[in-house]
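Student: I'd like to go through this structure with you and ask how each label is earned.
Tutor: Happy to; let's have it in front of us.

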There are 2 protein chains.
Amino acid sequence: MEIEEIKVGDLQPEDFINQKVKEISSVVGDGFAINALSGGVDSSTVSMLGHRALGDKLRHIFIENGLMREGEPEQVASLFKSLGVEVEIVDAKEKFFDALKGITDPEEKREAITKTFYKDVFGKLVRESGAKHLLQGTILTDIDETVAGIKRQHNVFEQLGINPEETFGYKIIEPLVQLRKDGVRKVAEVLGLPESVYNRMPFPGPALSARIIGEVTPEKIKTVRLATSIVEDELAESSAFQYMAILHRDRVTGMRDGKRDYGLQIEVRCWDSVDCRTAKPTRLSHEVLERLADRITDEVPGVVSVTYNIAQKPPSTMEAV
Amino acid sequence: MEIEEIKVGDLQPEDFINQKVKEISSVVGDGFAINALSGGVDSSTVSMLGHRALGDKLRHIFIENGLMREGEPEQVASLFKSLGVEVEIVDAKEKFFDALKGITDPEEKREAITKTFYKDVFGKLVRESGAKHLLQGTILTDIDETVAGIKRQHNVFEQLGINPEETFGYKIIEPLVQLRKDGVRKVAEVLGLPESVYNRMPFPGPALSARIIGEVTPEKIKTVRLATSIVEDELAESSAFQYMAILHRDRVTGMRDGKRDYGLQIEVRCWDSVDCRTAKPTRLSHEVLERLADRITDEVPGVVSVTYNIAQKPPSTMEAV
C-alpha cells in the first residue's frame, strides 16, 4: 500500500489531530491498547494523540532497555506525569543485553533489538494485558530508509513483508506514517507538548547501541553514555539539528603519565539538517571542539582520542551504525 | 650507557658535523658501510654525514617496502642524485607484506617491520656486500619513546638489550642520537640539504603501515596512500608540523546513490608541535576541512566517512598506531 505523504506546507495540525484521534478511537473500539513511548518527538506525539483518543484505555509503557541516556527513563515519566499521562517503566535491560551479546554487524544489531522489543518484551506485555493494538511513532523517513535498504528502522514491518499480528500477536497503529520530522514537530506543538519535546533532537530507535561500533556491552554503553552527556551538555546551545558521541571499536595508541595507553576513541558528530535526508557537519568553533576533546579524554575512563566528523550526508549517514 | 643530549640552543652545527664525520671515518676505518636512507630528515642528514666521511666506501640504500607514499622512492633517489649521491632502490615489497600478514596489534606490526628490515633485508645486503656497519638516523626522541614503552621505534636496539652485531651480523652507527628533530633540521640545513628535506614533515619508520588500524594489506596501503596524497596536497600550505590520513578498521554505515554503503572511514590528523613531545590539533578552517572530506569521499574508493582529530598529545599520540 502506497503511503500518501503530507508535506509540512500542506499540514493543518488541528485537522490532522482530530482525524487521527477519530481513527485511533474507531480502530481500537471498545478494547484497549498499549503505547510504546521512548520520549522522542514521534512517540511523544503518538502518546498525546492516543491519550486524547483512548484516555484510560491506553497504557503508556517506557521500556528501560539499558541503552538509553543518563536519567532518560525518569525524565520521560516525570514530563508525561505533568501532562496528566501516567507512564509505566518496564525494566528489560537484561533481555536486551543478552540479545546483543556477540553481535557486531550493524543490521544484525538492529534486528536483535527489534525482535527483543516487539516479540519478546511487547509480545508478552500485550498478551498479558489482553490488548490487541500497539501504538507507535513510525514516520515516513523510517520507512523510506528501511525500504531503500540504508538502515533497518526498528519500527518498520509491513513494508518488509512482516505481518505484526501473525509475528507478534498484535496489530500496530502508526498515526504519523504520512509525516516527516518537521510535520511531527508542528503536530506536537499544537498538542501542547513542551518545546523540549517538540524541538527535541532526534535519537535513534536502537538508542545508544547505534552509537557503538561493534559489540554492545553494558561497559561500552556506560562509556558512550558518559561521552554523550558531555557532548549534549557542551552543544546544548549550538542550535544544531543533532549531535552525538560514537564509541569506536578500533583502539588507538595514546599516552598517560608518560606511559603507553592503548585506548578508546570517541567520534563526535554534530549535524545541520532540516529533514535528515541530507546533512552537513556544523561548523563548531575550535574552542568548542577542543573543550569537547579535553573533557571527554579527562572525564571518560579509557578514552585517549577524540575526532569530529567532517563528512556530509551523503555519502555519510547521520548515525554510524 | 646514558646518552648526553645536545639541546638545540647549544648546538654548533659546523662543529657537530666535523666531529661526526671524523667519528664515522674512524669507526669504519678501511672498511666500507651501508646507509639506510628513507628520505626523511634524519636519514637524509646521516646520508650526507656518511657521504662526507666515507665517499664511495658508503652504499646508500632505499628499501622499497611497499609502504611508502606515492612516488617516494623515485623522488628520494632523484634528489640525492642532484646532490651527487647515488641511491640504490631495493625492492622488498613482498617480504614486508608477507611479514605483516594477519598482524593487527600495533606493537607486533612494528616488530614485524623491524625484523624484516634489519634481519631479513639489511642482514642479507650487509652480508653479501661484506660491510660491517650500517648507518642510520636514530634520534633521541625515538629512544625516549621506546624506553618509555609508548611506541617501539623500529631503529632502537641497544636500549632494549639487543646487540645488533649478534642479532643481525653488523654494527649500527647512529650519529644523531644526541639530537632531537629541531637539532637535526639545523644540521641538515648546514649540510646543504634543500629546504624540502630539512623542513620535511616527520614520517614514521613503519611508513603507511602506521597509518592503518588493524592488518596491513596491499589494498589498504593503496587506500591510505591515496588519502595521504589528498591530505598532503590540501595541507601543503598549512605550515602545520605534521599532517596525515589514517585508515580505520571499523566500518561505518554510509549511502551512495540512495543505497546503503557500509564503508570505510579516514581520520585526518594535523598537528602543531615543536618537538613531538606535546602537540595540539591545528585549527584548520572549516572550508579546508570540508574540502578534505569531500575530496576523500569522492576520490578514494570505498570511503564514506572522514573525521578530524581534535584531541591533544597527551593523552593522544601523533600517530594512531
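**Reasoning from values to labels**

Tutor: This is a predicted model. Between chain B and chain A, about 4,300 Å² of area is buried, and carbon and sulfur atoms give 52% of that.

Student: Which residues of chain B lose the most area to chain A?

Tutor: Those are Met255(B), Ile310(B) and Pro315(B), together 17% of what that side buries. In terms of contacts, 52 residues of chain B touch 52 residues of chain A.

Student: What makes Glu107(B) and Arg260(A) a salt bridge?

Tutor: Their closest N and O atoms are 3.5 Å apart, and the cut-off is 4 Å between a side-chain nitrogen of Lys or Arg and a carboxyl oxygen of Asp or Glu, so the pair qualifies. Glu107(B) belongs to helix H5 of chain B and Arg260(A) to strand E8 of chain A, so this pair joins two chains. Glu107(A) and Arg260(B) also form a salt bridge, at 3.5 Å from N to O. Across this interface there are 8 salt bridges.

Student: Why is Arg260(A) called partly exposed?

Tutor: Its relative accessible area is 25%. Buried would need a value under 20% and exposed one over 50%, so Arg260(A) falls in between.

Student: How do you know that Glu290(A) and Arg283(B) form a salt bridge?

Tutor: The N to O distance is 2.8 Å, which is within the 4 Å limit, so the rule is met. The pair crosses between chains, from helix H11 of chain A to the loop between strand E9 and helix H11 of chain B. With relative accessibilities of 22% for Glu290(A) and 45% for Arg283(B), each counts as partly exposed.

Student: Why is Cys276(A) not bonded to Cys270(A)?

Tutor: The sulfur of Cys270(A) is the closest cysteine sulfur to that of Cys276(A), yet it is 13 Å away. A disulfide needs sulfur atoms within 2.5 Å, so 13 Å is too far for a bond. Cys276(B) is in no disulfide either, with the sulfur of Cys270(B) 13 Å away. A search of the whole structure finds 0 disulfides over all chains.

Student: And what makes Cys276(A) buried?

Tutor: Its relative accessible area is 15%, under the 20% cut-off, so the label is buried. Cys276(B), at 14%, is buried by that rule too.

Student: In the open sheet of chain A, ordered E3-E2-E1-E4-E5, why do E3 and E5 stand at the edges?

Tutor: Each has a single partner strand, so one side of each is left without a neighbour in the sheet. E3(A) pairs with strand E2 of chain A in the parallel sense over 5 bridges.

Methods: Residues numbered from 1 in each chain as written. Chains lettered and ligands numbered in written order. Predicted model: local features only at pLDDT ≥ 70, side-chain atom pairs only at ≥ 80, totals over all residues. Heavy atoms only, no water. Pairing = 2+ DSSP bridges. Helix = DSSP H or I, 4+ residues; strand = E, 2+ residues; numbered from the N terminus. Buried < 20%, exposed > 50% of the residue type's maximum accessible area, 1.4 Å probe, protein only. Contact = heavy atoms within 4.5 Å. Buried area = accessible area lost by both parts, 1.4 Å probe.
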